[in-house]
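Work through the two exercises below with the sequence and the structure side by side, taking each solution one step at a time.

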Protein chains: 2
Amino acid sequence: MQRIPKISESEWEIMKVIWRSNPITAEQIVLQLPADIEWSDQTVRTFINRLLKKNAIGFEKSGRSYHYYPLVSEQECVRAESQSFLKRVFGGAADLMVTNFLEDGHLSDKEIEQLQRILMEKQEKKERHPKT
Amino acid sequence: MQRIPKISESEWEIMKVIWRSNPITAEQIVLQLPADIEWSDQTVRTFINRLLKKNAIGFEKSGRSYHYYPLVSEQECVRAESQSFLKRVFGGAADLMVTNFLEDGHLSDKEIEQLQRILMEKQEKKERHPKT
DNA sequence: CCATTAATATTACAAGTGTAAACGGTAATT
DNA sequence: AATTACCGTTTACACTTGTAATATTAATGG
């Protein structure tokens with residue numbers, strides 16, 4: 001049983017809501033899903049149930065309804081998905097991927113400047129901690 | 001019928017081979033798959049067939065065997081997958097994604113320098129073509 | 001020309017996904 | 001107390017994916 005369960009596209013939407021605020025009831029999850037998602041209540045509950053089965057979330061009973069909370073962190077899920085994506089599409093080469101994003105115009109000028117700041121910081125940090 | 005078909009993880013492996021060299025026979029595809037992939041011939045042919053059905057590849061008959069070639073470019077598939085990944089995991093925010101890759105230590109120092117060069121170039125280009 | 005063989009095409013089958021409806025129990029309402 | 005309304009659980013069903021085995025067709029060697 002691997003640490004991080006495989007989370008499907010739809011399930012990601014549920015998880016994002018739960019990570020944002022938890023513990024949370026099924027009803028609230030439905031309400032907090034992005035407006036462009038139009039799933040029936042039942043559908044949402046199905047996804048919640050599958051996430052329970054996968055041990056991606058847990059719950060505590062509270063009277064009539066359950067309050068769900070994550071059992072895996074967003075951090076680790078993002079990392080796992082990123083690795084998988086990276087491997088599938090770029091054969092694992094992270095620099096290739098980032099380069100592609102830069103070249104392919106996914107990023108606005110403002111975003112590019114932001115990145116430059118981050119890179120700068122990283123560089124400085126490196127210089128202050130040589131070979132760490 | 002959308003332009004870019006959805007290509008599964010296994011199918012990506014096939015596509016990568018076909019993009020690298022085409023037209024190419026099924027036999028050669030089997031041979032050129034990464035060594036760590038151990039699929040039976042039949043499995044590979046199944047994937048090839050599914051890609052045909054999806055119109056991701058085409059073929060020309062040549063005697064006994066077919067020679068396959070891509071009908072969609074790697075560029076557009078990479079772009080589609082990236083968009084999908086971005087939307088699923090980062091809610092579409094490309095800068096968040098790149099930042100995450102930087103922060104999360106996926107990149108070596110050398111790669112980071114490389115990126116800085118690319119950003120630099122982009123910046124320069126922008127300055128030479130103001131508001132283009 | 002026909003049998004052999006090699007390559008493609010069809011079929012199989014379980015697990016995962018998207019999308020719900022139906023069922024069941026418990027709490028609230030009449 | 002009986003009924004309703006709500007919430008979670010079970011069941012459903014078609015499509016995709018991973019992983020092949022089997023069937024069919026076409027080319028090639030005799």
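In what follows, Ala, Val, Leu, Ile, Met, Phe, Trp, Tyr, Cys and Pro count as nonpolar, Asp, Glu, Lys and Arg as charged, and the others, Gly among them, as polar. The model is predicted, so that local features need pLDDT of at least 70 and side-chain atom pairs pLDDT 80 or more, while totals for chains, interfaces and linings use all residues. Residues are numbered from 1 along each chain as its sequence is written, chains are lettered from A in the order in which they are written, and side-chain values use heavy atoms, without hydrogens and water.

**Exercise 1.** Describe the protein surface near DNA strand C, where near means a heavy atom within 4 Å.

*Solution.* Begin with the 20 residues around the strand, of which A:Ser8, A:Thr46, A:Arg50, B:Gln42 and B:Arg45 come nearest. Sugar and phosphate make up 59% of the strand's atoms that come within 4 Å of the protein.

Next, look at phosphate oxygens of the strand: one is 2.7 Å from a side-chain N or O atom of A:Ser8, and one lies 3.1 Å from a polar side-chain atom of A:Thr43. For B:Tyr66, a backbone N or O atom lies 3.1 Å from a phosphate oxygen.

Finally, sort the residues of this surface by class, which gives five nonpolar, nine polar and six charged.

**Exercise 2.** Which residues lie closest to the centre of the largest pocket?

*Solution.* The pocket has a volume of about 640 Å³. Among its 27 lining residues, A:Lys6, A:Glu81, A:Ser84, A:Arg88 and B:Arg88 are closest to the centre. By class, the lining divides into 12 nonpolar, six polar and nine charged residues.

Here a pocket is an open set of points on a 1 Å grid over the protein atoms alone, where a 1.4 Å probe fits, with protein on both sides within 12 Å along at least five of seven lines, and lining residues have an atom within 4 Å of a point. The volume is the space filled by probe spheres set on the points, which are joined across faces, edges and corners.

How values were computed: A residue is near a molecule or strand if one of its heavy atoms lies within 4 Å of it. A polar contact is a pair of N or O atoms within 3.5 Å; within protein, one must be able to donate a hydrogen and the other to accept it, and residues adjacent in sequence count only if both atoms are side-chain atoms.
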